[in-house]
Amino acid sequence: MKAKEIVFSIVALVCLLVSRPAFGHHGTAEYDTEHEVTVEGVVKQFEWTNPHTWLYLDVPNDKGEIAEWAGEAGAPGMLARRGWTSHTFKPGDKVKMSGHLAKNGSKQMMITKVQTHGEVF
């Protein structure tokens with residue numbers, strides 16, 4: 001009986017030592033983090049949601065046609081610590097959004113910086 005307790009204790013200890021937390025968050029693999037793009041347009045919508053906030057812009061191209069761009073930012077709690085609120089961006093605000101473009105060719109980016117009203121977020 002003693003041998004079984006010792007083996008069980010050793011196995012339990014090894015499991016505890018080699019285990020580590022599993023994080024349920026994705027990386028940045030879907031974005032081209034080597035290059036940054038900047039678009040300028042008008043805020044269509046700002047979603048203050050978990051796990052990520054989203055900023056949608058109507059951006060005119062060279063021909064004057066409007067394309068919708070989506071910018072993915074961090075969680076509301078993280079952004080609040082940087083001064084963002086659910087009212088930081090309102091429909092109709094003119095902004096410049098910079099970030100890493102999606103690799104799939106869509107008009108989506110991981111936001112690195114947003115400029116509006118003379119402020120940089």
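# Exercises on strands, salt bridges and rings

Strand 1 and strand 2 run antiparallel, with five bridges joining them. Keep in mind as you work that this is a predicted model.

## Exercise 1: Follow the strands

Work out how strand 1, strand 2 and strand 3 are connected, and say how well covered strand 2 is.

**Solution.**

Step 1. Start with the turn from strand 1 into strand 2: a hairpin makes this connection, using six residues. For one matched position, take Glu47, whose bridge partner in strand 2 is Trp54.

Step 2. Look inside the loop between strand 1 and strand 2, where you'll find Pro51. The peptide bond between Asn50 and Pro51 is cis, with omega at about 5 degrees.

Step 3. Move on to strand 2 and strand 3. These two also run antiparallel, and seven bridges join them. Here Leu55 sits opposite Gly71, which belongs to strand 3.

Step 4. Check the hairpin of strand 2 and strand 3, which has five residues between the strands. In this hairpin Gly64 has a positive phi, near 85 degrees.

Step 5. Finish with the covering. Five of the seven residues of strand 2 are buried, so strand 2 is mostly covered.

## Exercise 2: Sort out the salt bridges

How many salt bridges are there? For each one, name the partners and decide whether each partner is buried or partly exposed.

**Solution.**

Step 1. The count is two salt bridges.

Step 2. Take Glu68 and Lys44: their side chains meet with N and O 2.7 Å apart. Glu68 is in strand 3 (residues 66–72) and Lys44 is in strand 1 (residues 37–47), so this pair ties together parts 24 residues apart in sequence.

Step 3. Compare the accessibility values with the cut-offs: under 20% is buried, and over 50% is exposed. Glu68 has a relative accessible area of 38%, so it's partly exposed. Lys44 comes out at 42%, so it's partly exposed too.

Step 4. Now do Asp93 and Lys90, whose closest N and O atoms are 4.0 Å apart. The limit for a salt bridge is within 4 Å, and this pair forms one.

Step 5. Asp93 has a relative accessible area of just 10%, so it counts as buried. Lys90, at 41%, is partly exposed.

## Exercise 3: Read the rings

Classify the ring pairs Phe46–Trp84 and Phe89–Phe121, and say where the partners sit in the chain.

**Solution.**

Step 1. There are seven aromatic pairs in the structure. For Phe46 and Trp84, the ring centres are 6.2 Å apart and the planes make 50 degrees, so the pair is tilted.

Step 2. Place these partners: Phe46 is in strand 1, while Trp84 is in the loop between helix 2 and strand 4. They are 38 residues apart, so the pair links distant parts of the chain. Phe46 is buried at 12% relative accessibility, and Trp84 is buried at 6%.

Step 3. Turn to Phe89 and Phe121. With 5.5 Å from centre to centre and 75 degrees between the planes, this pair is edge-to-face.

Step 4. Phe89 is in the loop between helix 2 and strand 4, and Phe121 is in the segment after strand 6 (119–120), so the pair ties together parts 32 residues apart in sequence. Phe89 is buried, at 2%, but Phe121 is partly exposed, at 21%.

Step 5. Put the rings together: Phe46, Trp48, Trp84, Phe89 and Phe121 make up one aromatic cluster.

## Exercise 4: Describe two residues

Where is Thr88, and which residues does Thr88 touch? Then do a short portrait of Gly77.

**Solution.**

Step 1. Thr88 belongs to the loop between helix 2 (76–80) and strand 4 (94–101). Its relative accessible area is 11%, so Thr88 is buried.

Step 2. Leaving out residues up to four places away in sequence, Thr88 touches Gly83, Asp93 and Phe121. You've already met Asp93 as the salt-bridge partner of Lys90, and Phe121 as a ring in the aromatic cluster.

Step 3. Check the side chain of Thr88 as well: one of its polar atoms lies 2.6 Å from the backbone nitrogen of Thr85.

Step 4. Gly77 is in helix 2. At 37% relative accessibility, Gly77 is partly exposed.

Step 5. Add the distance to Thr49. Gly77 and Thr49 are 28 residues apart in sequence, and their C-alpha atoms are 9.8 Å apart in space.

Technical notes:
Residues are numbered from 1 along each chain as its sequence is written. This is a predicted model: local features need pLDDT of at least 70, side-chain atom pairs count only at pLDDT 80 or more; totals for chains, interfaces and linings use all residues. Side-chain values use heavy atoms; hydrogens and water are left out. Helices (H or I, at least four residues) and strands (E, at least two) are DSSP runs, numbered from the N terminus. Buried means under 20% relative accessible area, exposed over 50%, partly exposed in between (1.4 Å probe, protein chains only). A polar contact is a pair of N or O atoms within 3.5 Å; within protein, one must be able to donate a hydrogen and the other to accept it, and residues adjacent in sequence count only if both atoms are side-chain atoms. Contact means heavy atoms within 4.5 Å. Two strands pair if DSSP finds at least two bridges between them. Rings of Phe, Tyr and Trp (its six-membered ring) pair if their centres lie within 6.5 Å; planes under 30 degrees apart count as stacked, over 60 as edge-to-face and the rest as tilted.
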